[in-house]
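Colleague: I've got this model open and I'd like help reading it. Can we start with the cysteines?

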Amino acid sequence: MIAWDPNMELMPEAELKKMQFKLLKTLVYRLYSFSNFYHERMVAHGVHPDDITRLEDVAKLPYMVKSDLRDNYPDKIFTADPEELVRYHVSSGTTGKPTVVGYTKNDLENWTESLARALTSCGVGRGDVVQVAYGYGLFTGGLGLHYGAERIGASVVPASVGNTERQLELMQDLRVTAICCTPSYLVHIGETAKKMGISIKDDTRLKRAILGAEPWSDQMRERIEEEMGIKAYNIYGTSELSGPMFTDCAEQNGIHMWSDIALVEIIDPETGRPVPDGEQGEMVVTILQKEALPIIRYRTGDITSIDHTPCQCGRTHPRIARLSGRVDDMLIIRGINVFPSQVEHALLGIPEVSGNFMIEVDRVGALDHMLVKVELNPEAFSDKINDILDIRRKVGHTLKNMLNVSVDVEISEPGSLPRFEGKAQRVIDRRVL
Ligand SMILES: [Zn+2]
C-alpha cells in the first residue's frame with residue numbers, strides 16, 4: 001500500500017484520538033477568545049473551553065447550521081484578518097443569499113494535503129494524467145482537485161465542465177488515466193463516446209474516476225466500472241468544510257475521514273443523541289484546523305454511518321458509508337427514521353420492479369401507515385394474480401428488512417407512476433404533524 005503521508009495515515013487510533021483532542025481544545029480556546037460568533041454561542045450554550053476535558057466533550061458545544069453562514073454573509077464569522085485571506089469560494093444558495101468561504105494559506109494547504117492523501121489512496125500518483133472535469137471557479141470542485149492532483153505529481157488537464165466531444169479528444173490525445181467529475185457527467189461522457197464510435201474501455205487509457213458532488217449509488221458505480229473498464233471512487237466534501245476532501249481508498253469500502261482534519265459525529269437528527277457505529281444518522285463535522293472560517297459541529301444534513309474498525313488498506317482513520325440521503329428527506333414512521341433513498345436502494349435489488357416509486361404516509365388511528373407504490377418492469381408484467389401477489393410479498397419483505405418497519409405495498413402497471421424531471425417528489429405525507 002502506498003500512502004501519501006504514512007506517519008499520519010497509519011497512526012494508531014489511540015494516538016489519533018489524542019491528537020484530535022489537542023486540536024479541538026486549541027480550536028475551542030482560540031474561538032472563545034477571538035471569535036464573537038463562537039464566543040456568544042458558547043456563552044449562550046453555557047459551555048466554557050475549560051469544560052472540554054476529553055474528546056467526547058465535543059458534544060457539549062453548540063451546533064452550527066447552514067443558515068448561520070447565510071445570516072452572517074459574507075464574512076462575519078471569519079476569524080482571519082482580511083489580508084490573511086488568499087482565496088474565496090462562493091456556493092450559490094437555492095434559497096436566499098449564497099455562502100462565502102474564505103481560505104488562508106494554511107487552509108488551502110490542509111485542503112490540498114487532504115486531497116493528496118485521498119487521491120493517493122485511490123491509486124492515483126506521479127505518472128498519472130488527471131482530467132479535472134469539475135467546474136473551475138467559485139465552485140470548489142475544480143480548483144480543489146486541481147491542486148490536490150498537482151501536489152502528488154500527476155499531470156493535470158484542467159478541462160472544466162462542458163464541451164464533451166473536446167473532453168473525449170483530450171482524454172485520448174493526452175493519454176488521460178484518471179478523471180474527476182460528477183457521476184452523471186461521466187455517464188454523459190460515456191454516451192457521447194458511444195455516439196462518436198469511441199470505446200472508453202478500448203480506445204482510451206482511463207483507469208480511474210473520482211466521482212462526487214451529487215448523490216449516486218453502488219449500482220451506478222458497478223455499471224460505470226463495467227462499461228468503462230475502470231475503477232470508480234466516491235469523493236466527499238462540501239464548501240463549508242473547504243471543498244471535496246475525502247475519498248474511498250482502493251478497498252472501495254467507505255470514505256476515509258482524516259482524523260487530523262475532521263472530527264466526525266453521527267447523530268440522530270431528531271434527538272441530537274449520538275448513534276452507534278454502523279447506524280445511520282446525520283453527519284456532524286468539526287474541522288479541526290481551519291483558520292479563516294472555523295467550523296465547529298457543522299450539521300451537514302447528510303445521512304451516513306461511521307465505521308472505526310481497521311480498513312483492509314491499513315489506514316486507521318474512520319470511514320463513512322456512501323451518503324444515503326438528506327435529513328430534509330427523512331420520514332419518521334412509528335418512531336423509526338426512514339429515508340426514501342433506502343426504498344430506492346431496496347427496489348434496485350428486485351428485478352421485477354422498476355426504480356420508480358411513490359411513498360404515501362397516513363395516520364390510521366394513532367398509528368403511522370406507510371404505503372409504497374411500485375411499478376412492474378414490463379418483462380415481469382403478468383395477468384396472473386398469484387404472480388403479482390408473489391412480487392408484492394417479495395417487495396414487502398425486502399422493504400421490511402431494509403427499513404425495520406412494516407409497509408404496505410401496491411404493485412402497479414409498468415409506466416403508471418409519475419415521472420419527474422429534476423428533483424423527484426416521491427413522498428406524500430398526509431399526517432397532521
Ligand atoms: Zn482504506
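Modeller: Sure. A search of the whole structure finds zero disulfides, counting pairs of cysteine sulfur atoms within 2.5 Å. Keep in mind that this is a predicted model, where local features need pLDDT of at least 70, side-chain atom pairs count only at pLDDT 80 or more, and totals for chains, interfaces and linings use all residues. Residues are numbered from 1 along each chain as its sequence is written, and side-chain values use heavy atoms, leaving out hydrogens and water.

Colleague: Why is Cys180 not bonded to Cys181?

Modeller: A disulfide is a covalent bond between the sulfur atoms of two cysteines. Here the closest cysteine sulfur to that of Cys180 is in Cys181, 7.7 Å away, so they are too far apart for a bond. Cys180 is also buried, with a relative accessible area of 1%; buried means under 20%, exposed over 50% and partly exposed in between, using a 1.4 Å probe and protein chains only.

Colleague: Which protein donors does the zinc ion have?

Modeller: Donors are N, O and S atoms within 2.8 Å of the metal (3.2 Å for Na, K and Ca); water is not among the atoms, so sites may look incomplete. For the zinc ion they're Cys249 (SG), His256 (NE2), Cys311 (SG) and Cys313 (SG), at 2.1 to 2.3 Å. Along the chain, their spacing reads C-x6-H-x54-C-x1-C.

Colleague: Are those cysteines buried or exposed?

Modeller: Cys249 is buried, at a relative accessible area of 0%, and Cys311 and Cys313 are buried too.
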